[in-house]
Amino acid sequence: MTRQEILLQNWHHVKDLIAASARRAPRKTQPVTLLAVTKYAADEDVLALLQSGVLTDIGESRVQQAWARWQENPAFATFSQVKKHFIGHLQKNKAAKAAQLFDYIDSLDNFETARVLSAHIPAGKLIRGLVQVKLTDKQTQSGLPLPQARVLARQLRGAFDNLDVCGYMAVAPQGAPCETLHRLFKEVYQAFETDFKGVAQAQLSLGMSEDFTIAVEEGSTLPRIGSLLFS
Ligand SMILES: *Cc1c(COP(=O)(O)O)cnc(C)c1O
């Protein structure tokens, strides 16, 4: 098999698992979009998937690296319609660049950075944002504990015309038992259901390579998959 065939096989494998998990979900949710996390992937691998036409949404966690790839590398220029999500910790001094490059900022965790981001969004552009919920006590993990994340979401909704906050993103603790993952994802889902009821384009981004089947069962609409796709 060629590298492109392997990558496509990975893609369809993950898509099948997502579809199966969505069928097991007790509640009917919106369609699930596979967010391909390209942060560790080689340019050639990302290009192979772009050329096969399956990628609709990609995620990057470093502004500089994403800029070099998606803004400066001519090979990527023909794929500008792919929706670019920022999933890393957004520093205030990178917000201006992020505002130009990204369509989604999935990791909002403070009002001030959102304000700076909004101030730098080019005229006529709308960025969608998710508030990042923190599910561990770890100092190094970004995001806000759920109660504070809900407060921030309420503050940001309608605060800026060019920044539409439409859901939550969360990273689960690594290696947690399945029951814990179900419980944590369920808590975020319930908050999402309450806080974003009736919001067009609402998104709940839960799940990574290790835990996305559980996340989709619990209502994730935007699982973020890196290593499973690109290994
Ligand atoms: C890297 C990353 C992912 C993808 O992780 P994999 O385990 O490689 O699927 C998802 N979400 C965030 C926030 C990340 O930083």
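**Close-up 1. Lys 39, Gly 226 and Ser 227 meet oxygen atoms of the ligand.** In this predicted model, a polar side-chain atom of Lys 39 sits 2.6 Å from an oxygen atom of the ligand. The backbone takes part as well: an N or O atom of the Gly 226 backbone lies 2.8 Å from a ligand oxygen atom, and a backbone N or O atom of Ser 227 is likewise found 2.8 Å from an oxygen atom of the ligand. On its own the ligand has 390 Å² of accessible area, and the protein covers 84% of that. If you would like to trace the surroundings residue by residue, look for Val 37, Lys 39, Ile 87, Val 171, Met 208, Ser 209, Arg 224, Ile 225, Gly 226 and Ser 227 around the ligand.

**Close-up 2. Eight strands form an open sheet with parallel pairing.** Reading across the sheet, you meet the strands in the order S7-S6-S5-S4-S3-S2-S1-S8. S7 and S8 are the edge strands, and each of them pairs on one side only. Strand S8 spans residues 224-225, and both Arg 224 and Ile 225 are listed among the residues around the ligand. As a general reminder, the strands of a sheet pair through backbone hydrogen bonds, in either a parallel or an antiparallel way.

**Close-up 3. Strand S6 pairs with both S5 and S7.** S6 covers residues 163-171, and eight of its nine residues are buried. To S5 (residues 127-134), S6 is joined by seven bridges, and the two strands run parallel. One pair to look for here is Arg 128 with its bridge partner in S6, Asp 164. With S7 (residues 203-206), S6 pairs over four bridges, again in the parallel sense. Here you can pick out Gly 167, whose bridge partner in S7 is Gln 203, and Met 169, whose partner in S7 is Ser 205.

**Close-up 4. Helices H7 and H8 each belong to a right-handed β-α-β unit.** Start at S5, follow the chain through helix H7 (residues 146-156) and arrive at S6: these three elements make a right-handed β-α-β unit. Now carry on from S6 through helix H8 (residues 178-195) to S7, and you have traced a right-handed unit of this kind again. On the way from H8 to S7, pause at Gln 201 in the loop between them. Its phi is near 70°, a positive value in a residue other than glycine. Gln 201 counts as partly exposed because its relative accessibility is 43%, which falls between the 20% and 50% cut-offs.

**Close-up 5. His 182 and Glu 218 make a polar contact through their side chains.** His 182 is part of helix H8, while Glu 218 sits in the loop between helix H9 (212-217) and S8. The contact between the two side chains is 2.6 Å. How buried or exposed is each partner? His 182 is partly exposed, with a relative accessible area of 24%, whereas Glu 218 counts as buried because its relative accessibility is 4%. Beyond its neighbours within four places in sequence, His 182 is in contact with Ile 214 and Glu 217 as well as Glu 218. For a sense of scale, the C-alpha atoms of His 182 and Thr 2 are 37 Å apart, with their positions 180 residues apart along the chain.

**Close-up 6. Gln 132 is a buried residue of strand S5.** The relative accessible area of Gln 132 is 2%, so the residue is buried. Which residues does Gln 132 touch, not counting those up to four places away in sequence? They are Asp 106, Ser 107, Leu 108, Gln 141, Ser 142, Gly 143, Leu 144, Ala 149, Met 169 and Val 171.

**Close-up 7. Helices H3 and H6 both have buried residues.** In H3 (residues 63-72), the buried residues are Val 63, Ala 66, Trp 67, Arg 69 and Trp 70. Their cover includes helices H2, H4 and H5 together with strands S2 and S3. In H6 (residues 111-120), Thr 113, Ala 114, Val 116, Leu 117 and Ser 118 are buried, and what covers them includes H5, S4, H7 and S6. At the N-terminal end of H6, look for Asn 110, which acts as a cap: a side-chain oxygen lies 3.2 Å from the backbone nitrogen of Glu 112.

Conventions: Residues are numbered from 1 along each chain as its sequence is written. This is a predicted model: local features need pLDDT of at least 70, side-chain atom pairs count only at pLDDT 80 or more; totals for chains, interfaces and linings use all residues. Side-chain values use heavy atoms; hydrogens and water are left out. Buried means under 20% relative accessible area, exposed over 50%, partly exposed in between (1.4 Å probe, protein chains only). Two strands pair if DSSP finds at least two bridges between them. A crossover is right-handed if, with the strands pointing away from the viewer, the path from the first strand over the helix to the second runs clockwise. A residue is near a molecule or strand if one of its heavy atoms lies within 4 Å of it. A polar contact is a pair of N or O atoms within 3.5 Å; within protein, one must be able to donate a hydrogen and the other to accept it, and residues adjacent in sequence count only if both atoms are side-chain atoms. Accessible areas come from the Shrake-Rupley method with a 1.4 Å probe; for residues, only the protein chains shown count as cover. Contact means heavy atoms within 4.5 Å.
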